[in-house]
Amino acid sequence: MLEPVVDIRDLSFTYSGSAFPALEKINLKVYPGQFLTITGPSGCGKSTLALCLAGFIPHAYDGKMKGIVRIQGRDTRDYPAGGLSGIVGLVQQDPEAQLCTLTVSDEVAFGPENLCIPPDEIRERVIFALQAVGALGLKERKLHTLSGGEKQRVAIASVLAMTPSLLILDEPTASLDPSCT
């Protein structure tokens, strides 16, 4: 039997200063190859759950976490914020906030470069990731010239280039034109 990529048991999280939990008694298992959509109104805890899965909670956000979050058998409490970056890829609600270079190709290469991947493999990953999101034609563009939807594609490609086992898209349609959604 396959081991789950995600194994959450009785997860609750209350932000510091909040009277009510953002998440309460969440149980979830996600297996390799599964595609899962979590929907709900603004403020229902979707982004908080994404931050828990990526390991930013409990390390980078003040609050009280109960329960267990395991990614590929690893307890997220055992890794610092960002310590699961080669395993979990998180594209946040505002893609522009996670872009940090000047060109599309540099942006998509940034993560693998920080993992010390050999240059030939980085070039292959950049092409693969841009093709996967239909943005290979943007490869030589400057980030500041891109539309919101194009920046969203680049943000997703930059995470895909890291070849994560778990890809989390928080509000993935937020920057798309209404005619594209």
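In these exercises a helix axis is a line fitted to the C-alpha atoms over the stretch in contact, and the angle between two axes runs from 0 to 180 degrees between the N-to-C directions. The model is a predicted one.

**Exercise 1. Describe how helices α3 and α4 cross, and work out which class the crossing angle falls into.**

Solution. Begin with the geometry: helix α3 covers residues 104–114 and helix α4 covers residues 119–132, and their axes come within 9 Å and cross at roughly 120°. Next, compare the angle with the cut-offs, in which 65 to 115 degrees counts as roughly perpendicular and over 145 as roughly antiparallel, while angles that fit none of the named ranges count as oblique. The two helices are therefore oblique to each other. As to handedness, α3 passes α4 in a right-handed crossing.

The last step is to list the residues that make the contact. On the α3 side these are Val104, Ser105, Val108, Ala109, Pro112 and Glu113, and they meet Ile122, Arg125, Val126, Ala129 and Leu130 of α4. Sorted by class, the residues of this contact comprise eight nonpolar, one polar and two charged.

**Exercise 2. Set out how α3 packs on α5, and state what covers the buried residues of α3.**

Solution. Take the axes before the residues: those of α3 and α5 are 7 Å apart, and the helices pack at an angle of about 35°. This crossing, in which α3 passes α5, is right-handed. The contact brings Val104, Glu107 and Val108 of α3 against Val154, Ala157 and Ser158 of α5. By class, four of the residues in the contact of α3 with α5 are nonpolar, one is polar and one is charged.

Now turn to burial, for which the cut-off is a relative accessible area under 20%. In α3 the buried residues are Val104, Ser105, Glu107, Val108, Ala109, Gly111 and Pro112, and the elements that cover them include α4 and α5, the latter spanning 148–160. Gly111 illustrates the criterion, because its relative accessible area is 13%, under the 20% limit. Gly111 and Leu160 lie 49 residues apart in sequence, yet their C-alpha atoms are 9.5 Å apart in space.

A residue of α5 can be treated in the same manner: Lys151 is in helix α5 and counts as buried at 10% relative accessibility. Leaving aside residues up to four places away in sequence, Lys151 touches Pro95, Glu96, Leu99, Leu143 and Leu146.

**Exercise 3. Explain why helix α1 is described as largely enclosed by the rest of the structure.**

Solution. Count the buried residues: helix α1 runs over residues 46–53, and seven of its eight residues are buried, so the helix is largely enclosed by the rest of the structure. The buried ones are Lys46, Thr48, Leu49, Ala50, Leu51, Cys52 and Leu53. Then identify the cover, which includes the strands β1 (6–15), β2 (23–30), β3 (63–71), β5 (88–91) and β6 (166–169), together with helix α2 (56–59).

**Exercise 4. Identify backbone features that depart from the usual pattern, and give the surroundings of each residue with a positive phi that is not a glycine.**

Solution. The reference pattern is that most residues other than glycine have a negative phi, and that most peptide bonds are trans. Against that background, Cys116 has a positive phi of about 60° although it is not a glycine; Cys116 lies in the loop between α3 and α4, and at 68% relative accessibility it counts as exposed. Thr163, likewise not a glycine, has a positive phi of about 50°; Thr163 belongs to the loop between α5 and β6 and is partly exposed, with a relative accessible area of 43%. A glycine should be kept apart from these two residues: Gly55, which follows α1, has a positive phi near 85°.

For the peptide bond, the step from Ile57 to Pro58 is cis, with omega near 25°, and Pro58 is placed in helix α2.

**Exercise 5. Classify the aromatic pair of the structure.**

Solution. The structure holds one aromatic pair. Phe13 and Tyr15 form this pair, with 4.8 Å from centre to centre and 90° between the planes, and the arrangement is edge-to-face, because planes over 60 degrees apart are assigned to that class. The partners are then compared in accessibility: Phe13 is buried at a relative accessible area of 0%, whereas Tyr15 is partly exposed at 26%.

Methods: Residues numbered from 1 in each chain as written. Predicted model: local features only at pLDDT ≥ 70, side-chain atom pairs only at ≥ 80, totals over all residues. Heavy atoms only, no water. Phe/Tyr/Trp six-rings, centres within 6.5 Å; stacked < 30°, edge-to-face > 60°. Buried < 20%, exposed > 50% of the residue type's maximum accessible area, 1.4 Å probe, protein only. Helix = DSSP H or I, 4+ residues; strand = E, 2+ residues; numbered from the N terminus. Parallel < 35°, antiparallel > 145°, perpendicular 65-115°, else oblique. Left-handed = near helix turned anticlockwise from the far one by under 90°. Contact = heavy atoms within 4.5 Å. Nonpolar A, V, L, I, M, F, W, Y, C, P; charged D, E, K, R; others polar.
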